[in-house]
Amino acid sequence: MPGPSFLNDNLPDLSNLVQIISSYFDMLHLQIDSIAKIKNVDYDPVKGRARHVEFHMVNRNEKVEAEVPVELIGTAPAVLAGNIIITLNDTVLVEATPTSLPDHLEADAELLKEADDIITLADIKLPANVELVDELDTPLFKVEVPRSQIESEATEEIGRAEPV
């Protein structure tokens, strides 16, 4: 049964259910032996509760595109040296069959060794049967020197400068 199907606010705790489901999963396995993706959630503007959830039925054998979160795993040597890591993109667009879609992708923090090092999509190892839709040169994480460290270095250089 292709196309969207709808679940109306006939469950007392629909809002809680939707918040839990949407924060952990992008795809659901329904008891009707189909796979559905949460397409849209309509919230009551006053109460903040979910009023309506729109599901999109997907064929388990056809590839779909989905945003997948990227997690930085491990400890970056650059952080141990006093630098900070900036997240430039925390999700990536991938294509896979619904049953092959990963919950998340992992980026190895060990690749971030010094200031200005960047992890791009090219550095991510993809699971089998998952393809990237985004460009390989899309930056995900970058090492930056803290502003306080830059200011203290500038102050030290001014103090070392010889008077004219």
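Strands are DSSP runs of E of at least two residues, numbered from the N terminus. The model shown in these views is predicted.

**View 1. The whole chain combines three helices with eleven strands.** Along the sequence, the elements follow the order β-α-β-β-β-β-α-β-β-β-β-β-β-α. The chain has 164 residues, and 28% of them count as buried. Its exposed area is about 10900 Å². Carbon and sulfur atoms supply 51% of that area. Take the contacts between residues at least 6 apart in sequence: 66% of them join residues at least 24 apart.

**View 2. The largest nonpolar core holds 23 residues.** Val70, Val92, Val94, Leu105, Ile124, Leu140 and Phe141 touch the most other members. Four strands each give two or more residues to this core: β5 (64-73), β7 (91-96), β8 (105-108) and β11 (139-144). The largest share, four residues, comes from β5. A second, separate core has five residues, among them Ala36, Ile38, Phe55 and Met57.

**View 3. Leu140 and its contacts beyond four places in sequence.** Leu140 is in contact with Val70, Ile86, Thr87, Leu88, Asn89 and Val92. Its contacts also include Ile119, Thr120, Leu121 and Ile124. Val70, Val92 and Ile124 are, like Leu140, among the core residues that touch the most other members.

**View 4. Val143 sits in strand β11.** Its relative accessible area is 0%, so Val143 is buried. Neighbours within four places in sequence are left aside here; the contacts of Val143 are then Ala78, Asn83, Ile84, Leu112, Glu114, Ala115, Asp116 and Asp117. Val79 lies 64 residues away from Val143 in sequence. In space, the two C-alpha atoms are 8.2 Å apart.

**View 5. Thr120 lies in strand β9 (residues 118-120).** Thr120 counts as buried because its relative accessibility is 17%, and the cut-off for buried is under 20%. Not counting residues up to four places away in sequence, Thr120 touches Leu136, Asp137, Thr138, Pro139 and Leu140.

**View 6. Thr138 is in the loop between β10 (131-132) and β11.** With a relative accessible area of 19%, Thr138 is buried. Beyond its neighbours within four places in sequence, Thr138 is in contact with Asn89, Ile119, Thr120 and Leu121. Asn89, Ile119, Thr120 and Leu121 are also in contact with Leu140.

Note on methods:
Residues are numbered from 1 along each chain as its sequence is written. This is a predicted model: local features need pLDDT of at least 70, side-chain atom pairs count only at pLDDT 80 or more; totals for chains, interfaces and linings use all residues. Side-chain values use heavy atoms; hydrogens and water are left out. A nonpolar core is a set of buried Ala, Val, Leu, Ile, Met, Phe, Trp, Tyr and Cys residues joined through side-chain atoms within 4.5 Å. Buried means under 20% relative accessible area, exposed over 50%, partly exposed in between (1.4 Å probe, protein chains only). Contact means heavy atoms within 4.5 Å. Accessible areas come from the Shrake-Rupley method with a 1.4 Å probe; for residues, only the protein chains shown count as cover.
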